[in-house]
Amino acid sequence: MEKIGLIVGNGKFPLYFIEEAKNSNISLYPIGLFSSVDEEIKKEPNYIEFNVGNIGSIVKYLLLNNINKIVMLGKIEKKIIFENLELDEYGQKMMEIVPDKKDETLLFAIIGFLRLNGIKVLGQNYLMKKFIFENKCYTEMKPSQEDEKTISIGMEAARLLSRLDIGQSVVCREMSVIAVEGIEGTDKTIKRAGEYSDKNNILVKMARPQQDARVDIPVIGLSTIENAIKNGFKGIVAQANKMIFLNQKECIDLANKNNIFIIGKKI
């Protein structure tokens with residue numbers, strides 16, 4: 001039976017991969033990076049927890065279990081990392097040599113260390129093809145011509161934001177950007193936008209220009225839709241072929257019930 005290690009951050013996304021792996025007869029070894037990892041994941045056989053800074057211990061664990069492939073899934077939030085970081089010898093050396101502390105820089109440093117030890121990092125879309133956003137409108141409600149103009153502005157703003165490795169989402173209304181994502185993440189950006197504008201908001205979420213599927217596939221799921229509805233949004237736009245769409249039936253049903261649109265756009 002094939003063995004794959006699963007580096008687990010926060011959120012529900014890893015649960016979908018776990019289900020697909022079981023359907024494919026793959027033996028999983030989930031490694032939680034935070035105590036706040038979803039409780040359902042903690043119940044999985046072989047689950048173990050390491051601090052994100054203990055990179056040497058993680059690699060040793062993988063090698064001792066003859067695992068040479070891993071997938072990295074779930075939210076790894078900077079705020080949590082820097083509040084609870086416990087560096088082992090290898091983690092300390094890594095932090096000393098990286099040129100900056102950007103998400104991408106740190107993740108690629110980890111991938112490089114894994115590769116030096118014979119461990120390959122698979123793409124986050126591995127086994128997940130059916131969850132990828134398509135280039136279409138998923139809902140009964142569709143964006144108007146004015147909405148399309150606003151979406152175009154939002155896509156350009158989101159593209160610039162992600163290029164700077166700050167965030168990947170912007171909120172727009174009537175051809176204006178009213179909120180951009182920072183370290184707080186998409187859900188809190190939605191809430192903050194709702195404090196400024198309580199109707200007709202549109203969330204636009206893009207992948208980074210040089211997206212690496214191993215570390216960088218944005219996700220939209222049920223919590224995003226629920227938060228958008230609660231905060232006066234009329235639509236959600238995701239980059240087609242580059243993002244994951246979870247809970248699709250539930251999301252579409254909820255969006256239709258609340259007259260908002262969900263679309264995937266190819267660029």
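I will go through one sheet and the two helices α8 and α9 in this predicted model.

Start with the sheet. Five strands make it up, running β7-β6-β8-β10-β12, and the sheet is open with mixed pairing. The edges are β7, residues 176-180, and β12, residues 261-265; each has a single partner strand, so one side of each has no neighbour in the sheet. From one strand to the next the twist averages 25°.

Now one pair within the sheet. β6, residues 169-173, runs antiparallel to β8, residues 201-205, and four bridges join them. Across that pair, Val170 sits opposite Val204 of β8.

A helix packs on this sheet: α9, residues 222-230. The strands that α9 touches are β8, β10 and β12. Relative to β10, which covers 233-239, the direction of α9 makes an angle of about 150°.

Next, α8, residues 186-196. Which residues of α8 are buried? They are Thr186, Thr189, Ile190, Ala193 and Gly194. Their arc around the axis is only 140°, so they lie on the same side of the helix. The general background is that an α-helix has 3.6 residues a turn, so residues three or four places apart point the same way.

The face of α8 turned away from the buried side carries Lys188, Lys191 and Glu195, which are exposed.

What covers the buried residues of α8? The cover includes the strands β6, β7, β8 and β10, and also helix α9. So much for α8.

Note on methods:
Residues are numbered from 1 along each chain as its sequence is written. This is a predicted model: local features need pLDDT of at least 70, side-chain atom pairs count only at pLDDT 80 or more; totals for chains, interfaces and linings use all residues. Side-chain values use heavy atoms; hydrogens and water are left out. Two strands pair if DSSP finds at least two bridges between them. Helices (H or I, at least four residues) and strands (E, at least two) are DSSP runs, numbered from the N terminus. Axes are lines fitted to C-alpha atoms, for helices over the stretch in contact, and angles run from 0 to 180 degrees between N-to-C directions. Contact means heavy atoms within 4.5 Å. Buried means under 20% relative accessible area, exposed over 50%, partly exposed in between (1.4 Å probe, protein chains only). The arc is that of the directions from the helix axis to the C-beta atoms.
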